[in-house]
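Walk me through this structure, please. Start with its open space, then go on to the enclosed space, the surface and the charged pairs.

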Amino acid sequence: MSSEPVVGLRQLRRARLAVAAVFCVHGAVTGSFATRIPWIQDHAAVGAGQLGLALAFPAIGASVAMPLAGAISHRFGARTALRGLLALWTMSLVLPSFAPNLFALCAALFVYGATSGMSDVAMNALGVETENRLDRSIMSGLHGMWSAGALIGSAGGTLAAHLGSDARLHHTLAALTLTALGLIACQGVLDLRSSADEEPPPRFALPPKSALVIGAIGFCAVFAEGASLDWSAVYLRDVLDTSPGLAAASTTAFALTMAVARLAGDRIVDRFGSVRTVRVGGVLATIGGLMVVLAPHPALTLCGFALIGLGVAVVVPLAFAAAGRSGPNPSQAIAGVATITYTSGLIAPSAIGAVADATSLVVSFGLVTVLAFGLVLGAGVLRSAGRESVKAGSVEQAVQDRRP
């Protein structure tokens with residue numbers, strides 16, 4: 001995919017801020033939806049088991065649709081494609097709250113997940129391209145902005161739920177607001193377009209081998225993330241017999257260290273490199289897992305979950321960045337990694353529960369610890385010389401822009 005021949009440093013900085021805003025908007029949709037799930041469950045009149053089935057459909061929709069993102073970007077250009085896909089995603093927020101039954105809810109969540117996945121691939125591809133042209137790490141910070149957006153969206157949803165607001169009204173207003181903000185943000189992203197002689201990517205294709213290898217690292221990190229987010233409070237309550245408040249604090253500790261690590265991750269990656277950063281993160285996550293499994297005191301277990309969050313925080317952003325530099329079709333490679341990580345996030349909570357039913361939660365988090373150690377062993381696959389190939393025109397213009 002080509003673009004304007006020369007991109008100045010000021011334009012790249014603007015593009016970085018714009019794509020960061022896109023990530024924030026994307027996260028805000030997720031946060032807005034998650035806080036109103038109880039209202040949606042009551043409105044659709046579904047039980048806990050049926051809700052669990054319905055909540056699998058976003059991941060199914062995303063996995064099916066993500067490979068389409070590359071073809072859409074090739075045909076319409078990266079900026080136009082992102083503008084359209086992000087608008088579809090923000091407006092899809094309305095659909096689940098209007099679902100009157102289980103079938104309609106599953107269909108709405110399938111569309112919700114499909115638009116989420118395609119816009120996710122498009123924005124990550126643009127984030128990787130912006131990172132390459134800046135010749136510095138920004139992907140961790142971009143994912144940190146997604147987390148910030150999710151917090152903003154969830155705060156708004158919490159307020160709406162506290163006020164007893166109808167989720168249909170809340171999500172309609174949120175969708176309109178986020179759509180407008182997303183369209184404004186998309187104006188500043190890089191306008192990448194395919195050259196006339198460039199062959200379009202296939203609409204559906206298996207992920208390239210490089211994406212499978214990189215995706216395996218993302219799988220380990222997302223599995224540990226999903227398991228810790230969904231099961232940490234249960235672990236403290238059932239294994240260590242703590243109070244509900246202290247059990248809930250474990251989830252907060254995990255989420256907080258993840259957010260802080262992502263926002264600070266770019267400077268660490270620029271200084272130490274992707275491989276060393278992930279390897280050290282894997283060591284921290286492994287130590288955290290061992291503390292969870294072996295510690296006899298809740299305070300140590302809390303520290304263990306915090307270390308897991310700290311250790312896995314930057315792995316997925318770096319996996320997306322490595323995928324985008326791994327071959328001639330960045331969107332296809334990113335879609336492959338995204339599909340693997342979405343799958344990991346889908347199966348992790350249920351896998352932990354299945355192992356716990358067969359053995360115990362302690363054994364379940366032993367599995368998490370083993371996967372965390374996989375980050376130490378597999379960090380080398382993130383090594384890429386992609387940033388060394390920054391276009392000379394961009395570099396020259398960046399140097400000129402720095403001159404008085």
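The largest pocket in this predicted model has a volume of about 2,000 Å³. Its lining draws on many helices. Those that give two or more residues are helix 1 (9–34), helix 4, helix 8, helix 9 (139–162), helix 11 (209–239), helix 12 (244–272), helix 15 (315–324) and helix 16. Which helix gives the most to this lining? Helix 12 does, with nine residues.

In total, 47 residues line the largest pocket. Nearest its centre lie Thr30, Trp146, Glu225, Leu229 and Asp230. By residue class, the lining of the largest pocket divides into 27 nonpolar, 16 polar and four charged.

Now turn to the enclosed space. Rolling a probe the size of a water molecule over the atoms shows where empty space is left. The structure holds one cavity of 30 Å³ or more. About 30 Å³ of space lies in the largest cavity. Two helices, helix 6 (78–92) and helix 10 (167–186), each supply at least two residues of its lining. Helix 10 provides the largest share, five residues.

The lining of the largest cavity can be named in full. It consists of Arg83, Leu86, Ala87, Thr90, Leu178, Thr179, Gly182, Leu183 and Cys186. Five of these residues are nonpolar, three are polar and one is charged.

Helix 6 also holds Leu88. Is Leu88 buried, partly exposed or exposed? The relative accessible area of Leu88 is 48%, so this residue is partly exposed; the exposed class starts over 50%. Leu88 and Val111 are 23 residues apart in sequence. In space, their C-alpha atoms are 9.3 Å apart.

Val111 leads on to the surface. Together with Ile60, Val64, Leu95, Phe110, Leu346 and Ile347, Val111 makes a nonpolar surface patch of about 490 Å². Three elements give two or more residues to the nonpolar patch: helix 4 (57–65), helix 8 (102–134) and helix 16 (330–358). Helix 4, helix 8 and helix 16 are also among the elements that give two or more residues to the lining of the largest pocket.

Take Phe110, one of the patch residues. Phe110 sits in helix 8. Its relative accessible area is 31%. Why can Phe110 belong to the patch? Patches are made of residues with over 30% relative accessible area, and Phe110, at 31%, is partly exposed.

Stay with helix 8 for the charged pairs. How many salt bridges does a search of the whole structure find? The search finds three. One joins the side chains of Glu129 and Arg133, at 2.6 Å from N to O. Both residues lie in helix 8. They are four residues apart, about one turn of the helix. Their accessibility classes can be set side by side. Glu129 counts as partly exposed, at 23% relative accessibility. Arg133 counts as buried, at 7%. The cut-off is 20%: buried means under that value.

Another salt bridge links the side chains of Asp166 and Arg168, at 2.8 Å from N to O. Asp166 has a relative accessible area of 26% and is partly exposed. Arg168, at 29%, counts as partly exposed.

Arg237 and Asp238 make up a further pair. Their side chains meet in a salt bridge of 2.8 Å, N to O. Asp238 counts as partly exposed, at 47% relative accessibility. Arg237 counts as partly exposed too, at 46%.

End at Arg271. This residue has its place in helix 12, the helix that gives the most to the lining of the largest pocket. Is Arg271 buried or exposed? Arg271 has a relative accessible area of 68%, so this residue is exposed. How far apart are Arg271 and Ser137, in sequence and in space? They are 134 residues apart in sequence. From C-alpha to C-alpha, Arg271 and Ser137 are 9.6 Å apart in space.

Terms used:
Residues are numbered from 1 along each chain as its sequence is written. This is a predicted model: local features need pLDDT of at least 70, side-chain atom pairs count only at pLDDT 80 or more; totals for chains, interfaces and linings use all residues. Side-chain values use heavy atoms; hydrogens and water are left out. Patches are made of residues with over 30% relative accessible area and no salt bridge: like charges are joined within 9 Å, nonpolar side chains (Val, Leu, Ile, Met, Phe, Trp, Tyr) within 5 Å. Accessible areas come from the Shrake-Rupley method with a 1.4 Å probe; for residues, only the protein chains shown count as cover. A salt bridge is a side-chain nitrogen of Lys or Arg within 4 Å of a carboxyl oxygen of Asp or Glu. Buried means under 20% relative accessible area, exposed over 50%, partly exposed in between (1.4 Å probe, protein chains only). On a 1 Å grid over the protein atoms alone, a cavity is a set of points where a 1.4 Å probe fits but cannot get out, and a pocket is an open set with protein on both sides within 12 Å along at least five of seven lines; lining residues have an atom within 4 Å of a point. Grid points are joined across faces, edges and corners, and a volume is the space filled by probe spheres set on the points. Ala, Val, Leu, Ile, Met, Phe, Trp, Tyr, Cys and Pro count as nonpolar, Asp, Glu, Lys and Arg as charged, and the others, Gly among them, as polar.
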